[in-house]
Amino acid sequence: MAGRRSRSPVVALVVLLVALTGCGGRSAADSATADVQRLLDRRAAAVLDHDERSYARTGAGADFAQVRALPLAAWSYRVTALHRSGDTATADAELRYRVAGYDRAPVTAGRTLRLSRDADGQWSVDADRPARKSAQQLWDQGAVQAVRGEHSLVLGVGQSGRSLRGFADLADRAVPAVSQAWGRDWGRRVVLLVPKSLEGMARLLGSPASSYRGIAAVTTGETGAPARAPADRVIVNPDAFALLGSLGEQVVVTHETTHVATRAHTTPATPLWLSEGYADWVGYRAAGRTPPEAAPELSRAVTQGRIPSALPGDRDFGFTGDASRLARAYESGWTACRLIADRWGEARLSAFYRAVGEHRKRAGAVEEAMRDVLGTTPEAFTAQWRDYLRVQLG
């Protein structure tokens with residue numbers, strides 16, 4: 001009869017599968033993932049609300065003191081994978097957070113969380129660590145202290161309040177100095193991270209400590225970053241910083257602050273001799289140092305008749321352990337930018353930097369900017385620079 005058929009084995013199998021998995025077809029793994037996500041949502045809310053009791057109810061509460069001082073505008077987790085074994089599990093998650101007043105977009109960090117389930121079936125966090133191949137966050141190294149300056153936020157671990165206040169003072173002097181040279185079309189604020197040691201700095205950068213030995217600070221950020229982006233972080237190497245005098249400390253912080261200011265105009269087209277040289281030029285601009293004082297390694301080479309034949313390439317700025325070679329690269333970039341400021345004017349130097357950064361690829365960028373802004377060619381400029389070295393450093 002039309003419209004009536006006996007139930008087939010296939011239909012019976014489908015009915016059985018639905019009965020086993022539930023009406024919505026939701027698996028036990030999906031349910032566990034959703035439960036863990038809800039747990040991490042509660043944990044994130046507790047962090048934002050500074051609610052230690054609620055945080056402790058989500059599991060291991062020892063880390064709460066380490067993030068308590070962070071001035072946060074956002075903090076959230078997204079579970080990307082859950083690896084379960086009975087009543088224990090490991091969750092891969094994406095942590096997104098924003099520092100209030102500084103980050104215009106979230107910082108994203110990979111995290112691995114170990115979890116366990118109690119007799120009532122409730123999950124809790126046993127440990128929250130950086131994911132494999134992910135860098136540490138500052139709070140992974142201990143309790144974070146925060147010091148606010150007029151133009152700065154300094155976050156430190158294992159440092160005295162007096163030390164952190166000193167970094168804030170350096171940054172507060174650097175910001176107006178950079179604005180005077182570069183202009184005011186940037187956020188005019190800077191975030192400094194001060195770990196306890198060189199090893200702490202390296203772990204924040206996800207690299208071996210040997211890569212940064214003797215480097216006083218580095219700035220992290222995305223070249224050519226859009227307006228809505230996480231704030232750059234100036235990460236300090238306290239071991240190397242402790243060897244600097246007061247002038248050196250100010251030059252370093254002003255140099256790194258310059259990278260923050262110029263970030264939106266620094267693209268893959270920008271050679272390192274220009275980005276590092278410009279940052280040094282701003283750092284030394286009001287320092288009152290003579291060229292031989294500011295460029296001792298390059299000055300030594302020039303007086304010995306070893307004048308560079310060309311501007312340094314990007315590879316010359318690698319942290320290879322050859323301190324003299326690295327110093328000559330930085331000093332070469334600085335003298336090239338100083339030449340432009342002396343011969344064409346400071347405004348032309350900044351305009352040249354911006355013109356190079358308008359390109360998205362290296363090929364032709366410097367050539368076009370030199371032609372359009374300075375009215376010269378790379379060959380003619382290199383010859384002028386070599387003559388400049390003879391006069392200034394010879």
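**Exercise 1. Decide whether Gln250 is buried or exposed in this predicted model, and describe its surroundings.**

Step 1. Start with the relative accessible area of Gln250, which is 17%. The cut-off for a buried residue is under 20%.

Step 2. Gln250 is therefore buried, since 17% falls under that cut-off.

Step 3. Now place the residue: Gln250 sits in helix α8.

Step 4. Finally, look for its partners. Leaving aside residues up to four places away in sequence, Gln250 touches Leu170, Arg173 and Ala174.

**Exercise 2. Work out which elements line the largest pocket, and which of them gives the most.**

Step 1. Begin with the space itself: the largest pocket holds about 1,400 Å³.

Step 2. Find the lining, which consists of 50 residues; nearest the centre of this pocket lie Ile215, Ala216, His255, Leu326 and Tyr330.

Step 3. Assign the lining to elements. Two or more residues each come from β8 (217-220), α8 (246-262), α9 (272-284), α10 (291-294), α11 (296-303) and α12 (323-344).

Step 4. Rank the contributions: α8 gives the most, with 8 residues. This is the helix that also holds Gln250.

Step 5. Sort the lining of the largest pocket by class, and you get 23 nonpolar, 17 polar and 10 charged residues.

**Exercise 3. Do the same for the second largest pocket: what lies nearest its centre, and which element has the largest share of its lining?**

Step 1. Here the space comes to about 1,000 Å³.

Step 2. The lining of the second largest pocket has 45 residues, with Thr220, Pro230, Ala231, Asp232 and Arg233 nearest the centre.

Step 3. The elements that give two or more residues to this lining are β2 (88-99), β3 (107-117), β7 (190-194), α6 (198-205), β9 (233-236) and α8.

Step 4. The largest share, 4 residues, belongs to β3.

Step 5. By class, the lining of the second largest pocket splits into 27 nonpolar, 10 polar and 8 charged residues.

**Exercise 4. Trace the open sheet of 4 strands: in what order do the strands come, and which are the edge strands?**

Step 1. Follow the pairing across the sheet. The order reads β1-β2-β3-β4, and the pairing is antiparallel.

Step 2. Pick out the strands that pair on one side only: these are β1 (72-85) and β4 (123-130), the edge strands.

Step 3. Check the twist, which averages 30 degrees from one strand to the next.

Step 4. Turn to β2 and β3, an antiparallel pair joined by 10 bridges. To fix the register, note that Glu94 stands opposite Gly110 in β3.

Step 5. Move on to β3 and β4, which run antiparallel with 7 bridges between them. Two pairs help you here: Leu115 faces Val125 in β4, and Ser116 faces Ser124 in β4.

Step 6. Close the loop between these strands. β3 and β4 form a hairpin with 5 residues between them, and Gly121 in its turn has a positive phi of about 85 degrees.

**Exercise 5. Find out which residues of α6 are buried and what they pack against.**

Step 1. Go along the helix and list its buried positions: Leu198, Gly200, Met201, Ala202 and Leu204.

Step 2. See what these buried residues meet. They pack against β8, β9 and α7 (238-241).

Step 3. Look just past the helix, where Gly206 follows α6 with a positive phi near 65 degrees.

Step 4. Link this back to the pockets: α6 and β9 are among the elements giving two or more residues to the lining of the second largest pocket, while β8 is among those doing so for the largest pocket.

Conventions
Residues numbered from 1 in each chain as written. Predicted model: local features only at pLDDT ≥ 70, side-chain atom pairs only at ≥ 80, totals over all residues. Heavy atoms only, no water. 1 Å grid on protein atoms, 1.4 Å probe; cavity = no way out; pocket = protein on both sides within 12 Å on 5 of 7 lines; lining within 4 Å. Points joined across faces, edges and corners; volume = space filled by probe spheres on them. Nonpolar A, V, L, I, M, F, W, Y, C, P; charged D, E, K, R; others polar. Pairing = 2+ DSSP bridges. Axes fitted to C-alpha atoms, helices over the stretch in contact; angles between N-to-C directions. Buried < 20%, exposed > 50% of the residue type's maximum accessible area, 1.4 Å probe, protein only. Contact = heavy atoms within 4.5 Å.
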